[in-house]
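Hi,

Here's the structure I promised to pass on. Have a look below, and my notes on the strands follow.

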Amino acid sequence: MIKHELPSYLQQQSQGPWEVYLEQIDRVTPHLGSLARWIETLKRPKRILIVDVPIERDDGSIAHFEGYRVQHNTSRGPGKGGVRFHQDVSLSEVMALSAWMTVKNAAVNVPYGGAKGGIRVDPRQLSKAELQRMTRRYTSEINIIIGPTKDIPAPDVNTNEEIMAWMMDTYSMNQGSTASGVVTGKPISLGGSLGRQEATGRGVFVIGSECAVRKGLDPNRLRIAIQGFGNVGGVAARLFAESGARVVAIQDHATTIVDEGGLDVAAALEHARRTGSLAGFPGCAHLAKQDEFWDIDCDLLIPAALEQQINAANAGRIKAAIVLEGANGPTTPGADDILADRGILVVPDVIANAGGVTVSYFEWVQDFSSFFWTEEEINARLTRIMRDALASVWQIAEDRGVSLRTAAFIVGCTRVLQAREMRGLYP
Ligand code: NAD
């Protein structure tokens with residue numbers, strides 16, 4: 001009998017990121033008062049769509065990929081969240097990422113629910129034409145549940161404004177008219193927003209600088225270590241370096257570069273853009289093992305790559321005053337406890353990296369009104385929203401003696417469950 005390979009969602013797999021999220025919900029539940037009776041709402045995604053994405057390869061063969069779009073919650077508005085292309089994308093991961101979007105959008109009070117999508121693929125193995133065919137087929141398959149008032153995708157790991165342009169065009173072709181508000185993170189010339197491309201990294205920078213001051217660190221003398229040198233980590237590294245901080249280590253998928261005196265971030269960005277990674281970047285040391293990254297002495301450690309990077313195995317080694325979560329879900333609950341015991345402040349993803357979705361919201365508003373704002377207006381509004389969100393979360397953490405993560409979840413989950421309660425159950 002032929003042994004068939006099952007799709008990943010039918011194989012025994014660790015529930016990894018989704019379990020992390022459920023534990024975070026368990027931790028916040030005792031703080032929600034009477035709203036806790038609705039808590040199951042947050043433990044069950046509203047809608048999961050799994051799609052087969054077949055494409056013809058350039059050599060004439062046919063390849064199939066697994067695609068997902070999960071709408072975790074839409075109580076406060078349309079679903080909103082990125083699309084990830086990565087070989088490790090799984091149902092558990094997309095469920096968790098969609099749920100974190102629900103909490104994040106509510107924590108910074110943008111009028112969205114939470115959603116996320118992904119394709120289980122290593123995009124580096126595809127030609128550009130194949131990548132476009134895969135993106136367009138995926139968009140057509142999820143076309144029935146997305147839309148400017150239903151669910152609005154955006155870039156995430158290995159997706160960018162070009163892919164958003166293909167998604168917008170495919171959706172628009174299916175609808176019969178141009179619908180620029182169906183995705184955010186588009187090119188400016190197609191209704192994208194100034195400042196969107198760098199918004200997540202800028203938000204990380206704003207929140208990191210503010211937390212450093214609140215912790216009594218001198219923002220001009222900060223030493224920064226960053227894991228992930230893409231849209232989030234690359235921009236955050238540049239803004240910190242431009243502000244006078246020293247970026248002492250940067251890790252990407254290929255290598256870790258270190259220099260206690262401060263790396264040349266602009267040159268590193270140019271090298272990564274030209275060659276695809278930091279491998280071979282000259283003029284600094286490269287760590288022998290990627291794992292040694294967690295031993296680096298710094299003030300701010302910024303995980304900005306993938307989830308579950310800081311776990312019980314390495315949390316005890318971290319030598320930073322602040323862990324600033326640029327990535328989604330980079331710290332496990334076990335690591336949260338170890339870091340708290342060691343007096344290391346963890347600034348949670350749902351606040352630290354909310355700059356991207358905040359400017360995505362600005363983009364969506366601009367698309368609806370077809371009236372576009374200046375970059376100064378956008379950055380000023382972004383900074384104000386981020387600082388206000390941090391201030392209220394910080395206050396709750398102090399008042400109730402909880403972590404910043406639990407405080408952010410108190411704010412976010414309260415808003416979502418209040419909306420749920422006010423709307424009532426249908427029918
Ligand atoms: P990206 O694809 O632009 O960059 C990812 C970076 O991580 C790359 O530099 C890659 O080399 C590195 N990387 C991948 N695997 C690694 C590994 N095993 N070890 C070390 N480095 C590794 O992605 P991005 O958009 O910057 O997203 C990074 C994280 O930020 C993700 O968790 C994403 O969900 C989150 N995030 C992104 C946005 C956004 O607007 N793009 C918004 C909020 C949160």
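Leu301 sits opposite Val323 of strand E11. That puts us in the pairing between E10 and E11 (residues 322-324), a parallel one with two bridges. Bear in mind that this is a predicted model.

E10 also pairs with strand E6 (residues 223-227), again in the parallel sense, here over four bridges. On that side, Gln227 is found opposite Pro303 of E10. And which way do the side chains of E10 (residues 300-303) point? Leu300 and Ile302 go one way, Leu301 and Pro303 go the other, and all of them are buried.

Now for the other part I looked at, an open sheet. Its five strands come in the order E1-E2-E4-E3-E5, and the pairing is mixed. The edges are taken by E1 (47-56) and E5 (151-155); each of these has a single partner strand, so one side of each has no neighbour in the sheet. From one strand to the next, the twist averages 20 degrees.

As a quick reminder, strands in a sheet pair through backbone hydrogen bonds, and they can do so parallel or antiparallel. E1 and E2 (residues 62-73) take the antiparallel option, joined by ten bridges. If you want a spot to zoom in on, try Ile50, whose bridge partner in E2 is Tyr68.

What lies across this sheet? Helix H4 (residues 128-142) lies across E1, E2, E3 (79-86) and E4 (114-120). Relative to E1, H4 runs at about 145 degrees.

Cheers

Definitions and conventions. Residues numbered from 1 in each chain as written. Predicted model: local features only at pLDDT ≥ 70, side-chain atom pairs only at ≥ 80, totals over all residues. Heavy atoms only, no water. Pairing = 2+ DSSP bridges. Axes fitted to C-alpha atoms, helices over the stretch in contact; angles between N-to-C directions. Contact = heavy atoms within 4.5 Å. Buried < 20%, exposed > 50% of the residue type's maximum accessible area, 1.4 Å probe, protein only.
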